[in-house]
Amino acid sequence: MNPRPLDIVVVDYDGGNLASAAQAATRAAADSGLDATIRITGDVNAVRHADRIILPGQGAYADCMHGLSSGLRIAMQEATDGGTPFLGICVGMQLIAEYGLEHGRTEGLGWIAGHVAPMDAARAEKLRLPHMGWNELRIHRAHPLTDGLPDDAHGYFVHSYALSDWDDADLVASAEYGGAVPAIVARGNRCGTQFHVEKSQTVGLRIMANFLHWNGQ
């Protein structure tokens, strides 16, 4: 008897980039030979029982956090407490921090240390904001998410806020833009990328495939 396909859920909370993230996951699964079903859904039970959870994000921190119903937050909490691998993308990564300061203070999921703040160092150096375009990833520690990435891997970024006061133990990779910008963070089975995996071409597909194959350990 063949094992059932992995159930990959892209959380639907009226946020942006859902379809693009689902398409990237579908292609990454196919290219890496993984039998998986990828679906966009806001169904709480589907999220609770998924094999992998992906939370894309686009727009303001406060709007995205408020878009997550209490039921979805509880379902993601219960699933990830139980070991389900989780990937947050862009604002989806930011939401796993303690709080964000975009449009006032908004409490986050609190899964990693730090808060999301304006990129003041970039502004002080008169760099363009939002930080938009390709930027090299500096890998700080080995992690299954970065397996097989080339030494000159780049991600595609679009953001004006970034994680601040992070715990170095959570930092997997950073980019440079008026100072170090956390690009990949991970704690346990929960991880996130500040850059858009779904827009990062070969590098993004590799990271997505690594996530889909990752068991959270």
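**Figure 1. Helix α4 and its surroundings in the predicted model**. The twelve residues of helix α4 (residues 70-81) should span 16 Å at 1.5 Å a residue, and this agrees with the end C-alpha atoms, which are 16 Å apart. Leu 72, Ala 75, Met 76, Ala 79 and Thr 80 are the buried residues shown in α4. Viewed down the helix axis, the buried residues of α4 fall within an arc of 115°, so they line one face of the helix. Ser 70 and Asp 81, on the other side of α4, are exposed. The packing partners of the buried residues are β1 (6-11), α2 (44-48), β3 (52-55), β4 (86-89) and β14. After α4 comes Gly 83, which has a positive phi, near 105°.

**Figure 2. The residues annotated as active site**. An unreviewed UniProt entry assigns the annotation "active site" to Cys 90, His 196 and Glu 198. These residues are spread over 109 residues of sequence, yet they cluster in space, with a largest C-alpha distance of 10.3 Å. The same kind of record, an unreviewed UniProt entry, places the feature "domain: Glutamine amidotransferase" at residues 48-212. Over residues 48-212, 25% of the chain is helix and 32% is strand, and the end C-alpha atoms lie 17 Å apart.

**Figure 3. Environment of Cys 90**. Cys 90 is placed in the loop between β4 and α5 (91-94). With a relative accessible area of 3%, below the 20% limit, Cys 90 is buried. When neighbours within four places in sequence are left aside, Cys 90 is in contact with Gly 57, Val 158, Thr 193, Gln 194, Phe 195 and His 196. One of these contacts, His 196, shares with Cys 90 the UniProt annotation "active site".

**Figure 4. Environment of His 196**. The loop between β14 and α7 holds His 196. His 196 is buried, its relative accessible area being 3%. Leaving aside neighbours within four places in sequence, the residues in contact with His 196 are Asn 17, Gly 57, Gln 58, Ile 89, Cys 90, Tyr 156 and Val 158. Among them, Tyr 156 also forms an aromatic pair with Trp 134.

**Figure 5. Aromatic pairs involving strand β10**. The structure holds four aromatic pairs. One of them joins Trp 134 and Tyr 156 in an edge-to-face arrangement, with 5.5 Å from centre to centre and 75° between the planes. This pair links distant parts of the chain, since Trp 134 belongs to strand β8 (residues 131-136) and Tyr 156 to strand β10 (residues 154-159), 22 residues apart. Trp 134 has a relative accessibility of 42% and counts as partly exposed. Phe 157 and Phe 195 have ring centres 5.5 Å apart and planes at 55°, so their pair is tilted. An angle over 60 degrees would be needed for edge-to-face and one under 30 degrees for stacked. Phe 157 lies in strand β10 and Phe 195 in the loop between β14 (190-193) and α7 (201-213), so this pair ties together parts that are 38 residues apart in sequence. Phe 157 is buried, at a relative accessible area of 0%, and Phe 195 is likewise buried, at 0%. Phe 195 is also among the residues in contact with Cys 90.

**Figure 6. Arginine side chains over aromatic rings**. The charged end of Arg 105 sits over the ring of Tyr 99, at 3.7 Å from the ring centre. In a second view, the charged end of Arg 190 is placed over the ring of Trp 111, and the distance to the ring centre is 4.3 Å.

**Figure 7. Two glycines and residues distant from them in sequence**. Gly 179 occurs in the loop between β12 (171-176) and β13 (180-187). Its relative accessibility is 23%, and Gly 179 therefore counts as partly exposed. Gly 179 and Ala 121 are 58 residues apart in sequence, while their C-alpha atoms are 6.5 Å apart in space. Gly 67 is part of helix α3 (residues 61-67). At 31% relative accessibility, Gly 67 also counts as partly exposed. Between the C-alpha atoms of Gly 67 and Asp 12 the separation is 9.3 Å, with these positions 55 residues apart along the chain.

Key. Residues numbered from 1 in each chain as written. Predicted model: local features only at pLDDT ≥ 70, side-chain atom pairs only at ≥ 80, totals over all residues. Heavy atoms only, no water. Phe/Tyr/Trp six-rings, centres within 6.5 Å; stacked < 30°, edge-to-face > 60°. Helix = DSSP H or I, 4+ residues; strand = E, 2+ residues; numbered from the N terminus. Buried < 20%, exposed > 50% of the residue type's maximum accessible area, 1.4 Å probe, protein only. Lys NZ or Arg CZ within 6 Å of the ring centre and 35° of its normal. UniProt positions renumbered as here; feature names shortened; annotations may be inferred. Expected span 1.5 Å × (residues − 1). Arc of directions from axis to C-beta. Contact = heavy atoms within 4.5 Å.
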